[in-house]
Amino acid sequence: NCHNHPTGLPDRRGPMLNGITNRVATDWIQEFLLNPPHSKPGATMPQMHLSKSETEAVIHFLASLELNKKTPKAFKFVNATRGIELYHNIGCVSCHAPDPDFNPSEGSYNSNSFTYPHIPFPNLSEKYDIHSLSAYLNKPHDYSPHGRMPQFALEREDPGDLAAYLLGYVNGDSTDYPKLQAPKVDASLAQAGKDIVVSKNCAACHDSSFTEIPELPISTQITPYAR
């Protein structure tokens, strides 16, 4: 994507940036922009060599790119015990590490039999709240159309139960858990952030339509790239 060297393969695109500050914690975004592989092992995002003040400006720009729909909330009552069962039974451990403390309700389970490499998680509790992680697990391609996460056929309550387990929450009312707070957009910082995003050629991997905006009206709607 960055070197413009045709390979005959489709481009590998990054996640959709619209509404990202409503579904991912801004502190996590900043740490990721400063050092992608540290925040998310195995990340394909290159090191952009940004200062902390530059990442703050980029975050304000990202916060101005609103998603044209609300992030759905988790089912009100979540069951982390059920979530760990789902995690080990629907196929998550085909790519991610099994939980060595998992005791199935039926049969037996030996995590030592999973000897293949696993895709590590970022620090999920620092990145998501229960509602944004639930929404991602329910329809991952709504947020990362080119990602490797498959679409599972889940029941309405399943994503919240999975999210409760992955975030380390106990069973209970999902509305009681901490919620993400998107930053209030500073227009001057957002404009500076837009300039950084354009200069760093982020459009090589992310939605390119933001490079065509001549001025930055806050809350601009960006059309997602073709899926």
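Me: Why is His96 called buried?
Reply: His96 has 15% relative accessibility, and buried means under 20% relative accessible area (exposed is over 50%, partly exposed in between, with a 1.4 Å probe and protein chains only), so His96 counts as buried. This is a predicted model, where local features need pLDDT of at least 70, side-chain atom pairs count only at pLDDT 80 or more, and totals for chains, interfaces and linings use all residues. Residues are numbered from 1 along each chain as its sequence is written, and side-chain values use heavy atoms, with hydrogens and water left out.

Me: What makes the approach of the His96 side chain to Ile119 a polar contact?
Reply: The side chain of His96 reaches the backbone oxygen of Ile119 at 2.9 Å. A polar contact is a pair of N or O atoms within 3.5 Å; within protein, one must be able to donate a hydrogen and the other to accept it, and residues adjacent in sequence count only if both atoms are side-chain atoms, so this pair qualifies.

Me: Which residues is His96 in contact with, neighbours within four places in sequence aside?
Reply: They are Tyr87, His118, Ile119 and Phe121, where contact means heavy atoms within 4.5 Å.

Me: And why is His141 called partly exposed?
Reply: Its relative accessible area is 31%, which falls between the limits for buried and exposed, so His141 is partly exposed. A polar atom of the His141 side chain lies 2.8 Å from the backbone oxygen of Met149.

Me: How far apart are His141 and Met16?
Reply: They are 125 residues apart in sequence and 9.4 Å apart in space, C-alpha to C-alpha.
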